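Work through the exercises below with the structure at hand. Each task is followed by a solution in steps.

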Amino acid sequence: MNPRDIPPEAFHASGAEVQALDFGYVRSPDQDRTTPAQHPVVVIGAGPVGLSLAIDLAQRGQRVVVLDNDHKLSIGSRAICFAKRTLEIWDRLGVGQRMVDKGVSWNLGKVFLKDEQLYEFNLLPEEGHERPAFINLQQYYAEAYLVERALQLPGIDIRWHNKVTAVQSRADGALLSIDTPEGAYQMDAQWLVACDGARSPTRQMLRLESKGRIFQDRFLIADVKLADEANFPTERWFWFDPPFHPNQSVLLHRQPDNVWRIDFQLGWDADPEEEKKPENIIPRVQALLGADAQFELDWASVYTFACLRMDQFVHGRVIFAGDSAHGVSPFGARGANSGVQDAENLAWKLDWVLQGRASPALVATYGPEREYAADENLCNSTRATDFITPKSEVSRLFRDAVLHLAREHAFARRIVNSGRLSVPATLHASPLNTPDTDAFVGTQVPGAVLLDAPLTKQGQPTWLLRELGPDFTLLVFGPAPVWARDLPGVKVLQIGIDVIDHQALAAQRLDALPRTVYLVRPDQHVCARWRTPTEAAVRDALARATAAAV
Ligand SMILES: Cc1cc2nc3c(=O)[nH]c(=O)nc-3n(C[C@H](O)[C@H](O)[C@H](O)COP(=O)(O)OP(=O)(O)OC[C@H]3O[C@@H](n4cnc5c(N)ncnc54)[C@H](O)[C@@H]3O)c2cc1C
């Protein structure tokens, strides 16, 4: 079936029905051309990253071709935890509410040692944010809602059953060879973005590498559908050395449809084929849930993982994003979350360059910004993995001592690492930032994503992030200076006039006084701020933030 003919309700069906969606192959007129068709942006891979990027670009008015060798959503159980920042990005892409409506929202986690709770933590301990710290949602639902959104946008041409088999990179673009059920064709991309997953055929075709560490441990994923509403609350529960799975760790998470994700650490010696057999999984699950628990096995797999990244994400006109650029362990839910942040960082930069509003130097800044973010994720992911799976007797002794101390002492809880959960990177050293010249306190530094806050607009509730413009926003506490209206492509948002900070949380979080001004990028990162700026200072910061003055 032509994907555009799929009825809208098909995207809102049950998990099994959504997973069965088959996006048909449609012949493209490009296949009948004698010379390769030219396209401004081609994205390889219709995973969460490629789809988010394509939607962002299309919403900005760009035409995008997305090529995927498959014709279905992701199979089985992969990502389930989607972070606040990802939801905020998806809000901008018109799918955040859909994800939240289906997903299970949570902020609380608990850490256990053996059968005793050591402590609990709240990932979003304050009120006044539109989105929770996380939702849990099966990756196939997330992808389904992204495909549905992409199909609503005329600028996106998703071509299923289109497998990229060769890439020739040039100074001004890339030539792609593509296999389809009706034979091969070629296409020319002005910009090519490889979102083709951890094994990235594009990376291999260009003889590029991803380097890092492979971890010697195996984990069993068992997704089980409980017959009754569960006995567990909607929280993240992590056990070290529980009595029902001694000497290993276990993670429990709730997903929609009363499905529970259980990750059992198995050790390196485990035989993956044996461990995947239902007769071996069911006793493990019963030991956790209780002998009387009624459940069905929804999905099982055994995984190992690596922490890797490419040295550089930008190679001329070929750019890598998501798992193709970097891979992390699943502890901390960083894979898809950081990939969606890659997409949002890249989308506006490509758009500006394609529109002729900035030079390719702006796209080049995607590399260092997202490589820095990847390093932060890799560092957190590696530390979590080392803590959960200590590789020497000394590391195990240290870990156990920390766990025992964590029962009583807050300082030790900071050292316990059951997977620090994804937060957006603060791009401290970005060349697009203008360093502070005025004194500010708090975490809202240049390079950080703007913190959200509740506002009202014409008496109706709204949120700070929702009020930002698609390009730059000049956020002014109080009346804007007259020259602000002349800044090209900049939305001026006056707090106290256009919107009301009725709980004073925006002012508090941004350490704002009357006349404080923040300059916010299209991807909602702060790039400059002042107590009372001059027009020249703001224009300089804008030039820097678009790589015109880097
Ligand atoms: C067990 C597990 C649990 C996880 N949990 C989480 C979590 O809770 N939160 C989180 O954020 N992340 C999690 N992840 C990671 C997450 O699944 C990945 O980071 C995410 O899928 C990466 O998205 P992507 O779009 O970069 O790549 P992918 O989702 O891998 O998509 C790549 C796409 O490229 C296509 N493709 C490949 N080769 C070609 C080709 N030659 N031509 C055309 N198309 C091609 C593929 O068909 C595919 O559609 C988990 C992963 C695993 C395995």
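The model used here is predicted.

**Exercise 1. The residues around the ligand**

Task: State how many residues surround the ligand and which of them come nearest.

Solution. Step one: the shell around the ligand holds 30 residues. Step two: Asp68, Asn69, Gln139, Asp323 and Ala336 come nearest. Step three: sorted by class, the shell has 15 nonpolar, nine polar and six charged residues.

**Exercise 2. Polar contacts and burial of the ligand**

Task: Find oxygen atoms of the ligand that lie within 3.5 Å of an N or O atom of the protein, then say what share of the ligand's area the protein buries.

Solution. Step one: look at the backbone. A polar backbone atom of Ile80 lies 3.1 Å from an oxygen atom of the ligand. For Cys81, a backbone N or O atom is 2.9 Å from a ligand oxygen atom. Step two: look at a side chain. In Gln139, a side-chain N or O atom is 2.8 Å from an oxygen atom of the ligand. Step three: turn to the area. The ligand taken alone exposes 1,000 Å², and the protein buries 87% of that. Step four: list the elements that give two or more residues to the shell around the ligand. They are α2 (48–59), β9 (163–170) and α9 (335–354). With three residues, α9 supplies the largest share of the shell.

**Exercise 3. The second largest pocket**

Task: Describe the volume and the lining of the second largest pocket.

Solution. Step one: the volume of the second largest pocket is about 1,000 Å³. Step two: its lining is made up of 42 residues. Those nearest the centre of the pocket are Leu123, Leu421, Ser422, Val423 and Pro424. Step three: by class, the lining consists of 17 nonpolar, twelve polar and 13 charged residues. Step four: at least two lining residues come from each of α3 (84–92), β6 (116–122), α11 (366–388) and α14 (505–509).

**Exercise 4. Positive phi angles**

Task: Gln458 and Ala547 are to be placed in the chain. Is each of them buried or exposed?

Solution. Step one: Gln458 is not a glycine, yet has a positive phi of about 45 degrees. Gln458 sits in the loop between β20 (454–457) and β21 (460–463). Its relative accessible area is 77%, and the cut-off for exposed is over 50%. Gln458 is therefore exposed. Step two: Ala547, also not a glycine, has a positive phi of about 65 degrees. Ala547 belongs to the segment after α15 (535–545). With a relative accessible area of 10%, Ala547 is buried, as buried means under 20%.

**Exercise 5. Two further residues**

Task: Locate Gln494 and His245, and decide for each whether the residue is buried or exposed.

Solution. Step one: Gln494 is part of strand β23 (residues 490–495). Its relative accessible area is 9%, so Gln494 is buried. Gln494 and Pro514 are 20 residues apart along the chain, and their C-alpha atoms are separated by 11 Å. Step two: His245 lies in the loop between β13 (236–240) and β14 (249–255). Its relative accessibility is 6%, so His245 counts as buried. Step three: the His245 side chain reaches the backbone oxygen of Gln265 at 2.6 Å.

Terms used. Residues are numbered from 1 along each chain as its sequence is written. This is a predicted model: local features need pLDDT of at least 70, side-chain atom pairs count only at pLDDT 80 or more; totals for chains, interfaces and linings use all residues. Side-chain values use heavy atoms; hydrogens and water are left out. A residue is near a molecule or strand if one of its heavy atoms lies within 4 Å of it. A polar contact is a pair of N or O atoms within 3.5 Å; within protein, one must be able to donate a hydrogen and the other to accept it, and residues adjacent in sequence count only if both atoms are side-chain atoms. Accessible areas come from the Shrake-Rupley method with a 1.4 Å probe; for residues, only the protein chains shown count as cover. Helices (H or I, at least four residues) and strands (E, at least two) are DSSP runs, numbered from the N terminus. Ala, Val, Leu, Ile, Met, Phe, Trp, Tyr, Cys and Pro count as nonpolar, Asp, Glu, Lys and Arg as charged, and the others, Gly among them, as polar. On a 1 Å grid over the protein atoms alone, a cavity is a set of points where a 1.4 Å probe fits but cannot get out, and a pocket is an open set with protein on both sides within 12 Å along at least five of seven lines; lining residues have an atom within 4 Å of a point. Grid points are joined across faces, edges and corners, and a volume is the space filled by probe spheres set on the points. Buried means under 20% relative accessible area, exposed over 50%, partly exposed in between (1.4 Å probe, protein chains only).
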